[in-house]
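Student: I'm new to this one and would like a close look at a single part of it. Could you take me through the pockets slowly, along with the pieces of chain that go with them?

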Amino acid sequence: MRTPFRSKIAGIGSYLPKKILSNSDLEKMVETNDQWIRERTGIERRHLAAEGEYTSDLCLHATERALQDAKMNSSDLDLILIATSTPDQVMPNTATVLQHKLGISGIPCLDVSAACSGFVYALSVADQFIRTGTYKNILIVGAEILHRMVNYKDRETCILFGDGAGAWIMTQTDFDSPDGLFSTHLRANGEVGDLFILPAGGSKIPYSQEVLDKGQHYVMMKGREIFRHAVRTMTECCQLALKSNSIQSEQVDWVVPHQANVRILDSVAEHFGIPKEKVIVSLRETGNTSAASIPLAFDMGVREGKIKRGQMILIAAFGAGLTSGSALMRY
Ligand SMILES: CC(C)(COP(=O)(O)OP(=O)(O)OC[C@H]1O[C@@H](n2cnc3c(N)ncnc32)[C@H](O)[C@@H]1OP(=O)(O)O)[C@@H](O)C(=O)NCCC(=O)NCCS
């Protein structure tokens, strides 16, 4: 829809908990080794939230940094969106908890559930509200404490996931302004939703002793099949973003993809025809942080002096569902 507005990033911030779980730590917990993890995933360590630290706390740290970067106060916000699969609790949503921790009240608060694609989904929701002129300043946070949903006896999943949060403040700009978000594309393929699940805790399998005995409160995954889908859907989403904006891949300065496995990122770069050096990789330090991974990688890219204002950025995500999405913007 053509309106007088588009959205752009006013400020960014991220937060990683202090505690680190390294590959050599994992060697002591399951039958694995540092070399296998590095070679098959690219991950070297992950950060884990401390006892008593909740998803809303990670959100708060990342938000405070994003507000500072945007030179705004929490009272400037019109809407809070949190992308997460690991909320503080099922109800109320974590966005309302964050609102309270920010010391504000009244503005709408919504959790977006689209697993690892959640941040791109939330970005798209924010963009629609800004384009229509409904809201001016929107906080989006991708945040996860995944280590509490992981079985540290399952070597295929426990090596992958970590905790963290990344926040963006999106604000309104003129449609004709040279920077800002050009498009978002969202997709989902529910028919392969069983490839990556957390079975218990919903209306289908409420918590019980049997759930705990069977380990249904942990994530379960068919890794090899997800890998195949991830490469295909992320490549397609990237192509869609460029085609709809009549942009060539050479015009993209940086690709910021969901950080699941470095081999997935290399494969997407190859299929998409973009040099590996133009892909931001942060998973060495963080592992897969699901909905937090894109804003964490973006923030790391900015802090390392790679991503600069005015550059063309392509964002690509995939996750449980299987959901996927892309976004194209000039930062
Ligand atoms: C999980 C993943 C790292 C496994 O890598 P892979 O190359 O596909 O490995 P495979 O599943 O083919 O397993 C190869 C062997 O390594 C073993 N293996 C699995 N995990 C291991 C570990 N942590 N340490 C050592 N060996 C391991 C397997 O048992 C298998 O052994 P076998 O050949 O004797 O049967 C990879 O498939 C992946 O990253 N998938 C995507 C997962 C993902 O992104 N999930 C989240 C979605 S957002």
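From which domains does the lining of the largest pocket draw at least three residues each?

Tutor: Happy to, and keep in mind that this is a predicted model. Domain 1 (5-174) and domain 2 (180-330) each give at least three residues to the lining of the largest pocket. So much for the domains; now for the pocket itself. The space in the largest pocket comes to about 900 Å³. Its lining is made up of 30 residues. If you want to find the middle of the largest pocket on your screen, look for S85, P87, L198, A200 and G201, which lie nearest its centre. Two strands take part as well: β5 (109-112) and β9 (196-197) supply at least two lining residues each. As for chemistry, the lining of the largest pocket has 18 nonpolar residues, nine polar ones and three charged ones.

Now slide over to the second largest pocket, which has a volume of about 510 Å³. There are 24 residues lining the second largest pocket, and E156, M221, G223, R224 and N261 are the closest to its centre. Here, too, the lining takes at least three residues from domain 1 and at least three from domain 2. Sorted by class, the second largest pocket is lined by 14 nonpolar, six polar and four charged residues.

Which elements should you trace around the second largest pocket? At least two lining residues come from each of α2 (34-41), α8 (223-244), α9 (262-272) and β12 (312-319). The largest share belongs to α8, with four residues.

Two of those helices, α8 and α9, are worth following a bit further. Two packed helices are described by the angle between their axes and the distance between the axes. For α8 and α9, the angle is about 40° and the axes are 9 Å apart. That is why α8 counts as oblique to α9. The crossing in which α8 passes α9 is right-handed.

β12 leads on to another detail. Between β12 and β13 (323-330) there is a loop, and L322 sits in that loop. The peptide bond joining G321 and L322 is cis, with omega of about -10°.

There's another cis peptide bond to find, between M91 and P92, where omega is about 0°. P92 belongs to the loop between β4 (79-83) and α4 (94-101). Most residues other than glycine have a negative phi, and most peptide bonds are trans. With that in mind, look at K71 too: phi of K71 is near 55°, a positive value in a residue other than glycine. You'll find K71 in the loop between α3 (55-70) and β4.

That brings us to one more helix pair, α3 and α4. The axes of α3 and α4 come within 9 Å and cross at roughly 55°, so α3 and α4 are oblique to each other. The α3 and α4 crossing is right-handed.

To retrace the tour, start at S85 and P87, which are among the residues nearest the centre of the largest pocket. Then go to α8, which gives four residues to the lining of the second largest pocket, and finish at the cis bond between M91 and P92.

Key. Residues numbered from 1 in each chain as written. Predicted model: local features only at pLDDT ≥ 70, side-chain atom pairs only at ≥ 80, totals over all residues. Heavy atoms only, no water. 1 Å grid on protein atoms, 1.4 Å probe; cavity = no way out; pocket = protein on both sides within 12 Å on 5 of 7 lines; lining within 4 Å. Points joined across faces, edges and corners; volume = space filled by probe spheres on them. Nonpolar A, V, L, I, M, F, W, Y, C, P; charged D, E, K, R; others polar. Domains from an automatic or database assignment. Axes fitted to C-alpha atoms, helices over the stretch in contact; angles between N-to-C directions. Parallel < 35°, antiparallel > 145°, perpendicular 65-115°, else oblique. Left-handed = near helix turned anticlockwise from the far one by under 90°.
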